[in-house]
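Biologist: I'm new to this one, so could you walk me through a few of its features? Please show me the structure before we start.

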Amino acid sequence: MSSAEGLPAQLTMADLAPAAAREIDAFRERIRGVPYERKGILFSEMFFLCLCAAAVRPARILESGRARGQSTLLLAASFPALPIVSLEHDPNSADVPVAAARLQPFRNVELRFGDATRILPAMARPGDVALIDGPKGFRGLRLALRLLAQGRVAMVFLHDVSPGTPERRFLEAWLPAALYSDDPRFAGVAHVLDAAADDIPQAHRWHGSGPAQGYGYSLACLQHSPTAAYRRAWAAAILAGLAHRGRG
């Protein structure tokens, strides 16, 4: 996906919402023919990622948590000129051959295996953008903060930070500039992309009117800032994760 016109490097939702209205038809055309997967990212979430990432013109996209390759396939269709390095933890998963077959036509995609918490920080380069869809919970949050603390990646996207979750509350407290795909200003435009996702539970679908409007699913965009206290946030996330696990 080329850089969206009019988007600054440091995004706000006020920038993103009008860009969504301008770009949605072009995105829909790029992903035409890609079916929905029960295990995978929402099309509206990937549209959110594409709009945000286009503002920083990434050199490469790193992904952890490939599963059946749904997000990887959408990334490959959206950024055909960029190298995409996708990590999956379990090489013996039944999803591995499914993802390999789906992604075989894309020469810009490299499929790897291993522990993303070790591999991604070691391989990150200046200008990379990362999508974390595994590990989950506070482990994924700590990985995102570690990548940002290194100062190489321009953006980190963190999946499954739904409203009201402990991870979401942590981000809202520590990184208040984070953007979310469930924000009504964006989702009010983009939710039409998910019309084919008939496996989304009703409680998590878009509700477009009244005080409860929003999505139950969400992708967070964490933009790198040289003034943010990522190392302090990372240490706080360790403690928050231990406290949450203790309460569970």
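Modeller: Happy to! Keep in mind that this is a predicted model. A good place to begin is where helix 1 crosses helix 2, and the crossing there is right-handed.

Biologist: How are helix 1 and helix 2 oriented to each other, parallel or perpendicular?

Modeller: Helix 1 covers residues 13-30 and helix 2 covers residues 43-54, with their axes 10 Å apart. The packing angle is about 115°. Angles of 65 to 115 degrees count as roughly perpendicular, so helix 1 is, relative to helix 2, roughly perpendicular.

Biologist: Which residues meet there, and how many of them are charged?

Modeller: From helix 1 come residues including Leu16, Glu23 and Phe27, and from helix 2 residues including Phe43, Met46 and Leu51. The contact counts 13 nonpolar residues and no polar ones. That leaves the charged residues, which number 1.

Biologist: Let's move to alanine 237. Is it buried or exposed?

Modeller: Alanine 237 sits in helix 9, residues 230-247. Its relative accessible area is 0%, and the cut-off for buried is under 20%. Therefore alanine 237 is buried.

Biologist: How far apart in space are alanine 237 and phenylalanine 170?

Modeller: Beyond its neighbours within four places in sequence, alanine 237 touches Phe138, Leu141, Arg142, Leu145 and Phe170. In sequence, alanine 237 and phenylalanine 170 are 67 residues apart. Their C-alpha to C-alpha distance, though, is 7.6 Å.

Biologist: Which residue follows helix 6?

Modeller: Helix 6 runs over residues 137-150 and spans 21 Å, close to the expected 20 Å. Its buried residues include Phe138, Leu141 and Leu145. Just after helix 6 comes a residue with a positive phi, near 80°: glycine 151.

Technical notes: Residues are numbered from 1 along each chain as its sequence is written. This is a predicted model: local features need pLDDT of at least 70, side-chain atom pairs count only at pLDDT 80 or more; totals for chains, interfaces and linings use all residues. Side-chain values use heavy atoms; hydrogens and water are left out. Axes are lines fitted to C-alpha atoms, for helices over the stretch in contact, and angles run from 0 to 180 degrees between N-to-C directions. Helices (H or I, at least four residues) and strands (E, at least two) are DSSP runs, numbered from the N terminus. Angles under 35 degrees count as roughly parallel, over 145 as roughly antiparallel, 65 to 115 as roughly perpendicular and the rest as oblique. A crossing is left-handed if the near helix is turned anticlockwise from the far one by less than a right angle, and right-handed if clockwise. Contact means heavy atoms within 4.5 Å. Ala, Val, Leu, Ile, Met, Phe, Trp, Tyr, Cys and Pro count as nonpolar, Asp, Glu, Lys and Arg as charged, and the others, Gly among them, as polar. Buried means under 20% relative accessible area, exposed over 50%, partly exposed in between (1.4 Å probe, protein chains only). The expected span of a helix is 1.5 Å times one less than its number of residues.
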